[in-house]
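Please open the structure in your viewer and keep the selection tool handy. We will move from one selection to the next, with a short look at each stop.

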Amino acid sequence: MSAPRKPKARAAGSRARRPLHQDTPTRQTAARTKGTIKIALLHGPNLNMLGTRAPDIYGTATLNDIESEMMERAVKRGAELRSAQSNFEGELVALIQLARNWADAIVINPGAYSHTSVAIRDAIEAVGLPAVEVHLTNIHAREEFRAASLTAARCIGLISGFGPNSYYLGLDAALSHVEASRRSHGEAGKRQRTKRR
């Protein structure tokens, strides 16, 4: 039996390619209460064009710039970060499903799919991982159709309007959430052991 495939970081401009089958999960929920925190960083359509796409709206930072800073910040926090970008809804769904096998949380910018994708919303809900949605721009200050996010309703939070800092704040929020969850699981475990004595 071959080992589960591990997603690799992708350069900006590349299209994420993942198998559409789901490997059998190899990590139990209990195993996620200790060890290195693992974060899946997912970018949706057109984010590979950051730096050249409407810089007056999205800024001049490229996706590589943002990912490099995210990697640095994750390492400083003792976390592992894997990232992927796709312009295709089905591939993003597959990436979310694959994260279930190895990640503790997801930081996701679904891009325009935030406003249209029931499939991505359902995938976030189905995997049961805490997810933080991020957007470079303030989605509530733009066109009316961008103000509603279908996907954010299944995330633990939404951060938008701070440019690349939205990503960095999203990473901090995801890591803090997992750390707090681990502490509470640890305390619950201690209480259970004490009751059994």
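Start by selecting β3 in this predicted model, and look at both of its faces. A105, V107 and N109 lie on one side, I106 and I108 lie on the other, and all of them are buried. With 5 of the 5 residues of β3 buried, the strand is largely enclosed by the rest of the structure. If you colour by side-chain direction, keep in mind that side chains in a regular strand alternate between the two faces of the sheet.

**From β3 to β4**

Keep β3 on screen and add β4. The two strands are parallel and pair over 3 bridges. To find a contact between them, pick I108 and look across to E133, its bridge partner in β4. Now trace the chain from β3 through α4 to β4: this β-α-β crossover is right-handed.

**On to β1**

Next, select β1. How many bridges join β1 to β3? There are 5, and these strands run parallel. I108 is useful here too, since L42 stands opposite I108 in β3.

Turn to the side chains of β1. K38, A40 and L42 point one way, while I39, L41 and H43 point the other way, and all are buried. Since 6 of the 6 residues of β1 are buried, β1 is largely enclosed by the rest of the structure.

Add strand β2, residues 80-85, to the selection. β1 and β2 pair in the parallel sense, over 6 bridges. Here A40 is the residue to click, as it stands opposite R82 in β2.

**A stop at R82**

Stay on R82 and show its side chain. Which residue forms a salt bridge with R82? The partner is E80, and the closest N and O atoms are 2.7 Å apart. Are these two residues buried or partly exposed? R82 has a relative accessible area of 11%, so it is buried; E80, at 27%, counts as partly exposed. The cut-off at work here is that buried means under 20% relative accessible area.

Now show W102 as well. R82 lies over the face of W102, at 4.1 Å from the ring centre. If you go looking for aromatic pairs in the structure, the count is 0.

**More salt bridges**

The structure holds 6 salt bridges, and the one between E80 and R82 is among them.

For another, select R73 and E69, whose side chains meet in a salt bridge at 2.8 Å, N to O. Both sit in helix α2 (residues 63-76), and because they are 4 residues apart, about one helical turn separates them. R73 is partly exposed at 30% relative accessibility, and E69 is partly exposed at 25%.

Then select R154 and E125. Their salt bridge has its closest N and O atoms 3.4 Å apart. R154 lies in the loop between β4 (131-135) and β5 (157-160), whereas E125 is in helix α4 (residues 118-127), so the pair ties together parts that are 29 residues apart in sequence. R154 counts as partly exposed, at 32% relative accessibility, and E125 is partly exposed as well, with a relative accessible area of 46%.

To see salt bridges joined in a network, select R77, D172 and E179 together; these residues are linked in this way.

**A contact between distant positions**

Go to helix α3, residues 89-99, and pick L98. L98 is buried, with a relative accessible area of 10%. Draw a distance from its C-alpha to that of V127: the two residues are 29 apart in sequence, and the C-alpha atoms are 8.9 Å apart in space.

**Last stop: a backbone angle**

Finally, select N46. Where does N46 lie? Its place is in the loop between β1 (38-43) and α1 (55-58). If you display backbone torsions, look at phi: N46 has a positive phi of about 75°, although N46 is not a glycine. With a relative accessible area of 32%, N46 is partly exposed.

Definitions and conventions
Residues are numbered from 1 along each chain as its sequence is written. This is a predicted model: local features need pLDDT of at least 70, side-chain atom pairs count only at pLDDT 80 or more; totals for chains, interfaces and linings use all residues. Side-chain values use heavy atoms; hydrogens and water are left out. A salt bridge is a side-chain nitrogen of Lys or Arg within 4 Å of a carboxyl oxygen of Asp or Glu. Buried means under 20% relative accessible area, exposed over 50%, partly exposed in between (1.4 Å probe, protein chains only). Two strands pair if DSSP finds at least two bridges between them. Rings of Phe, Tyr and Trp (its six-membered ring) pair if their centres lie within 6.5 Å; planes under 30 degrees apart count as stacked, over 60 as edge-to-face and the rest as tilted. A charge sits over a ring if NZ of Lys or CZ of Arg is within 6 Å of the ring centre and within 35 degrees of the ring normal. A crossover is right-handed if, with the strands pointing away from the viewer, the path from the first strand over the helix to the second runs clockwise.
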